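I opened this notebook to keep track of what I looked up, one topic at a time. The entries follow the order in which I went through the side chains.

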Amino acid sequence: MKQIGISIVEHCGSFLVGTRPPDVPLAGYSEFPGGKSLYDEPSSNTAVRECLEETHLRIEPVRLLHQQTFSYPHGEVALDFWHCRLAAGQSGDKISDPWKWVSRDKLGEHRFPPANADVLQILRSLPPLV
């Protein structure tokens with residue numbers, strides 16, 4: 001089973017969302033930044049590292065929001081969803097495709113992988129990160 005650290009980056013009431021590229025499983029789906037943990041890497045570190053690699057944004061984890069395992073046709077994953085904020089001095093203005101800021105009320109308009117259903121429900125009822 002692959003351990004995955006996912007960054008749910010909240011900034012000014014919106015969340016950082018991208019679109020999976022055509023050459024990967026779940027192509028075309030919306031996603032939060034994240035990826036596979038390196039050997040013995042805590043998932044919070046994975047979430048920070050992957051967000052920096054994918055978006056060039058420095059973030060800090062605030063809390064573990066949700067954990068779950070999920071079986072896809074391409075493999076079983078253990079997902080750790082980390083609620084994150086931008087690091088001090090980091091601006092959210094310098095993001096580029098495929099990343100964009102999506103307001104909480106617009107998250108439901110995006111097609112996320114099935115394993116994201118529970119965390120999306122949590123986000124709908126969560127107070128904004130201050």
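Before anything else I needed the burial cut-offs: a residue is buried under 20% relative accessible area, exposed over 50%, and partly exposed in between. I also noted that I am working with a predicted model.

Entry on Lys106. I looked up Lys106 and found a relative accessible area of 37%, which lies between the two cut-offs, so Lys106 is partly exposed. Its salt-bridge partner is Glu109, with the closest N and O atoms 3.6 Å apart. Glu109 is exposed, because its relative accessible area of 59% is over 50%.

Entry on the other salt bridges. How many salt bridges does the structure hold? I found 7. One of them joins Arg104 to Glu10, where the closest N and O atoms are 2.9 Å apart. Arg104 belongs to the loop between E7 and H2 while Glu10 belongs to strand E1, so this pair ties together parts that are 94 residues apart in sequence. I then asked whether these two partners are buried or exposed. Arg104 counts as buried at 16% relative accessibility, and Glu10 is buried as well, with a relative accessible area of 4%.

I went on to Arg49 and Glu41, whose side chains meet in a salt bridge at 2.8 Å, N to O. Glu41 is buried, its relative accessible area being 17%. I also noted that Glu41 and Arg49 belong to a network of salt bridges that includes Glu50 and Glu53.

Entry on helix H1. The helix covers residues 43-55, which makes 13 residues, and I noted a reach of 18 Å from its first C-alpha to its last, close to the 18 Å expected at 1.5 Å a residue. Which residues of H1 are buried? I listed Ser43, Ser44, Thr46, Ala47, Arg49, Glu50, Cys51 and Thr55. Looking for what they pack against, I found strand E1 (2-11), strand E2 (14-19), E4, strand E5 (59-72) and strand E6 (75-86). After H1 comes His56, and its phi is positive, near 70°.

I took Ser43, which is in helix H1, as a single case to follow. Its relative accessibility is 9%, so Ser43 counts as buried. With neighbours within four places in sequence left aside, Ser43 is in contact with Gln3, Gly5, Ser37, Asp80 and Trp82.

Entry on aromatic rings. I counted 2 aromatic pairs. Phe32 and Phe112 form a stacked pair, 5.0 Å centre to centre, with 25° between the planes. This pair links distant parts of the chain, since Phe32 is in the loop between strand E3 (30-31) and strand E4 (34-36) and Phe112 in the loop between strand E7 (100-103) and helix H2 (117-125), 80 residues apart. I found both Phe32 and Phe112 buried.

Phe70 and Tyr72 make a tilted pair, 4.6 Å centre to centre, with 50° between the planes. Phe70 counts as partly exposed at 23% relative accessibility, whereas Tyr72 is buried, with a relative accessible area of 14%.

My last look was at the ring of Tyr29, where the charged end of Arg111 sits over the ring, 3.9 Å from its centre.

Terms used:
Residues are numbered from 1 along each chain as its sequence is written. Side-chain values use heavy atoms; hydrogens and water are left out. Rings of Phe, Tyr and Trp (its six-membered ring) pair if their centres lie within 6.5 Å; planes under 30 degrees apart count as stacked, over 60 as edge-to-face and the rest as tilted. Helices (H or I, at least four residues) and strands (E, at least two) are DSSP runs, numbered from the N terminus. Buried means under 20% relative accessible area, exposed over 50%, partly exposed in between (1.4 Å probe, protein chains only). A charge sits over a ring if NZ of Lys or CZ of Arg is within 6 Å of the ring centre and within 35 degrees of the ring normal. The expected span of a helix is 1.5 Å times one less than its number of residues. Contact means heavy atoms within 4.5 Å. A salt bridge is a side-chain nitrogen of Lys or Arg within 4 Å of a carboxyl oxygen of Asp or Glu.
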